[in-house]
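Subject: Structure for you to look over

Dear colleague,

I am handing over the structure we spoke about, and I would be glad if you read it alongside the notes underneath. Please open it first and keep it in view as you go.

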Amino acid sequence: MFKSRMIVTGLLVALVGILVGACASATPAPQPTVTPAVTKVVETKVIEQTKVVEKVVTATPAPATPAPKAGSVLINGAGATFPFPLYSRWFYEYAFVDTTVRFNYQSIGSGGGIAQITAKTVDFGASDAILTADQYAKAPGIQMIPVVAGPIVPIYNIRSDDGKVITDTIKFPRTALADIYLGKIKKWNDPVLAQANPNIKLPNKDIVVVARSDGSGTTFAYTDYLSQVSAEWKEKVGQGTSVKWPTGLGGKGNEGVAGTVSQNDGAIGYVEFAYAKQNRLAYGAVQNKAGEYVLPTVEAVQAAMADFGANMGDKLALSIADAPGKKSWPIASYTYLLIYMDQTDCVKGKKLVEFIKWGLSDAGAKFARELDYVPLPPEVHKVVLDKLSKVTCQGKPL
Amino acid sequence: MFAVSQAKQRASQSRWQTLKRHLQHGDVLFRVLTALGALTVFMLIVIIGYELWLNSPLPREKFGWRFLVESEWNPVTQEFGAFPFIFGTLQTSVMALIFAVPVSLGIAIFLAELAPAWLRQPLGFIVELLAAVPSVVYGLWGLFVFIPAFVRPIAELLHTTLGFLPLFTGPVYGPSRLSASLILAIMILPTISAVSRDVLLAIPASQREAALALGATRWEMIWRVLLPYGLSGILGAVILGLGRALGETMAVTMVIGNNLALTASLLHPGYTMASIIANEFAEATYELYIQSLIQIALVLFVVTLVLNSIARVLVWRVARRVPTEVRI
């Protein structure tokens with residue numbers, strides 16, 4: 001009896017030992033995907049292999065490198081959430097164009113994208129915000145590549161005095177939005193708004209101001225616009241992915257803003273044009289710098305981009321808010337990819353640049369339009385392509 | 001000499017045998033494993049606190065203790081103060097408890113004592129199901145259904161009838177501290193009621209029988225005997241609920257209106273510590289900003305610890321007063 005118990009215990013201990021041993025030996029085995037750390041291991045292996053290939057190529061004067069296998073090149077990116085729907089569509093479609101390359105993009109926000117490309121833990125970053133001088137200094141050789149622009153529109157929900165929802169396009173004079181968000185224009189029948197909209201019977205109702213509460217490129221672009229048109233805004237509030245709103249409510253995300261606006265009679269908010277259009281929200285016309293009232297069409301946003309096309313400079317990063325052209329939509333911003341002008345991995349670098357060129361071409365622009373992003377106008381497109389052609393790998397042209 | 005060494009041998013043998021006896025049933029192994037489990041919790045708390053502290057030196061250097069009382073939060077001018085968020089978190093959590101505790105107790109008493117047997121299982125199941133709803137679902141449902149259909153009419157009624165009180169000053173928007181508190185109350189309701197029900201069910205039947213035998217009514221039995229008997233357990237349930245309310249992020253962010261203004265009014269939009277982190281961490285662009293958010297996380301962590309400790313002490317004191325008790 002006693003002995004048999006001993007044996008059982010012994011067996012149990014042995015079993016536990018085996019299990020622990022098995023676990024210990026199982027852990028370091030490389031498993032694909034699952035944890036980022038493990039994928040990184042796989043990745044570096046790819047890099048090493050390609051480096052070996054490079055060396056072989058330089059040693060023997062073979063005419064071309066052997067073509068990589070399907071899906072063998074994994075390009076990692078991280079950053080802005082605003083262009084994420086477009087990028088994932090592009091990745092999907094591009095798989096038919098070039099079968100050798102796969103993409104992995106994490107939409108963790110512009111701040112995260114900038115941090116990761118600065119630390120070189122990804123192959124490209126993405127940001128809605130323009131890098132600060134400080135951030136440029138921390139990532140020498142970084143280049144911002146404008147990809148598409150996104151217009152931002154004011155949305156509203158007002159019932160007129162007879163109880164009907166106003167569906168007409170309300171016109172917002174140039175400084176009206178800034179004054180509304182500053183809390184200076186408090187009523188919908190304020191003379192500034194009434195004069196601009198003689199055909200709409202605006203009610204004597206309080207304006208409920210709604211802003212995005214989460215940090216976002218949308219807020220960055222919107223506050224950029226407000227700072228451009230109103231000196232008071234620039235001084236009191238300023239521009240950023242999050243700002244201290246002088247008045248009103250904050251909704252999380254486009255859906256939070258739209259939801260809050262839809263529930264408050266007399267509310268005004270701002271969302272990405274794509275969101276407003278896809279959810280059929282009423283949005284306003286805005287007076288631009290030239291004094292014209294414009295709507296956020298593709299042409300109007302491209303006109304705004306073209307207005308600044310000549311002074312893209314070397315950084316290719318600039319605000320397109322409050323564009324001077326007659327047909328230009330004033331509230332928009334570029335979204336950017338962040339890449340290093342000198343790539344460390346030649347195969348990845350080449351594939352990445354090819355992909356960006358494809359995205360900017362007519363083939364890629366088609367999907368951008370489908371998703372209500374605005375592709376670059378020819379003037380800007382040319383400048384960006386010119387910059388992309390100068391990307392090098394370890395000092396040599398790609 | 002020989003006898004002594006023999007005795008020693010016997011002693012060592014018996015010690016060896018004691019050890020063997022202990023080992024043989026796996027008691028020691030079991031004890032070590034459970035101790036490791038308990039230690040993990042402790043280590044986690046220490047590591048989290050340490051990491052948060054380690055990653056937020058800049059705001060401490062720049063603002064010091066002012067960080068806790070300053071109500072300016074402006075990423076553009078790089079001024080950061082946590083007071084509105086601390087206030088918002090405490091206010092919404094306490095309000096949520098005020099709403100949720102009576103209802104939860106009612107549910108628990110009904111389920112444990114009064115409900116007919118055929119109703120107990122399904123009703124208990126539904127209450128537990130409430131706890132399984134993801135918080136983002138509560139948030140979206142709150143924003144698009146609960147607020148317009150339920151909270152808003154109540155808020156407007158409160159404002160028109162009791163608007164003279166600072167608690168109910170207007171104007172009335174949908175998202176508000178009241179909305180957040182109510183959503184939180186719904187979210188902590190299943191936790192508090194399920195645990196309280198189990199506490200009540202664990203009370204020995206003899207207690208009930210004794211009370212009834214003395215001529216107590218149902219109400220008197222529940223109120224005078226069962227609740228005092230299970231008080232420490234019920235308070236434990238409330239602490240669990242409070243913990244969830246303090247840390248709840250997504251649902252609150254979607255319904256609270258995210259506004260920094262410091263007013264007492266429940267009808268005004270507010271902000272909580274968890275919401276500001278959820279809102280701004282992803283797009284925080286410079287170091288001081290990121291570290292200020294991490295520091296907020298640290299403050300939230302400490303507030304949670306302190307509140308839980310206070311509640312724990314409260315439970316102990318109550319437990320000492322009641323001679324027999326149900327512990328959690």
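The notes below go through a helix of chain B, the contact between the chains, the domains of chain B and the strands of chain A. Please bear in mind throughout that this is a predicted model.

Let me begin with helix H7 of chain B, which covers residues 135-162. A straight helix of 28 residues would span 40 Å at 1.5 Å a residue, whereas the end C-alpha atoms of H7(B) span only 31 Å. Where does H7(B) bend? The bend, of about 70°, is at B:Ile147, and a proline, B:Pro148, follows within four residues. B:Ile147 is also buried, and the other buried residues of H7(B) include B:Tyr138, B:Gly142, B:Phe146, B:Val151 and B:Ala155. As for what these buried residues pack against, helix H8 (177-202) and helix H11 (250-255) belong to chain B, while helix H10 (253-263) belongs to chain A.

That brings us to the contact between the two chains, which takes 32 residues from chain A and 26 residues from chain B. On the side of chain A that touches chain B, at least two residues each are supplied by helix H1 (2-26), helix H4 (110-118), strand E7 (249-251) and H10 of chain A. Sorted by class, that side of chain A has 19 polar, 8 nonpolar and 5 charged residues.

Within chain B there is a division into domain 1 (2-54) and domain 2 (82-327). The C-alpha centres of domain 1 and domain 2 of chain B lie 41 Å apart, and 4 residues of domain 1 are in contact with 4 residues of domain 2. The side of domain 1 of chain B that touches domain 2 of chain B has 3 nonpolar residues, 1 polar residue and no charged residues.

Turning to the strands of chain A, strand E4 (residues 142-157) is mostly covered, with 15 of its 16 residues buried. Which strands does E4(A) pair with? With strand E11 (residues 332-340) of chain A the pairing is antiparallel over 9 bridges, and there A:Ile142 stands opposite A:Tyr340. With strand E8 (residues 267-272) of chain A the pairing is again antiparallel, over 6 bridges, and A:Tyr156 stands opposite A:Ile268. With strand E13 (residues 374-375) of chain A, E4(A) forms an antiparallel pair over 2 bridges, in which A:Ala149 stands opposite A:Val374.

Chain A also has an open sheet of 3 strands with mixed pairing, in the order E12-E14-E15. Strand E12 (342-343) and strand E15 (396-397) of chain A stand at its edges, each with a single partner strand, so one side of each is left without a neighbour in the sheet. Strand E14 (residues 392-393) of chain A pairs with E15(A) in the antiparallel sense over 2 bridges, and A:Thr392 stands opposite A:Pro397.

Another open sheet of chain A, likewise of 3 strands with mixed pairing, has the order E5-E9-E10. Here strand E5 (171-172) and strand E10 (293-294) of chain A are at the edges, and each has a single partner strand, so one side of each lacks a neighbour in the sheet. E5(A) and strand E9 (residues 285-287) of chain A pair in the parallel sense over 2 bridges, and the bridge partner of A:Phe172 in E9(A) is A:Val286.

With best wishes

Terms used:
Residues are numbered from 1 along each chain as its sequence is written. Chains are lettered from A and ligands numbered from 1 in the order in which they are written. This is a predicted model: local features need pLDDT of at least 70, side-chain atom pairs count only at pLDDT 80 or more; totals for chains, interfaces and linings use all residues. The expected span of a helix is 1.5 Å times one less than its number of residues. The bend at a residue is the angle between axes fitted to the seven residues ending there and the seven starting there. A residue is buried if 20 or more other C-beta atoms lie within 10 Å of its own, exposed if 12 or fewer, and partly exposed in between; C-beta atoms are placed from the backbone. Two residues are in contact if their C-beta atoms, placed from the backbone, lie within 7 Å. Two strands pair if DSSP finds at least two bridges between them. Ala, Val, Leu, Ile, Met, Phe, Trp, Tyr, Cys and Pro count as nonpolar, Asp, Glu, Lys and Arg as charged, and the others, Gly among them, as polar. Domain bounds come from an automatic or database domain assignment.
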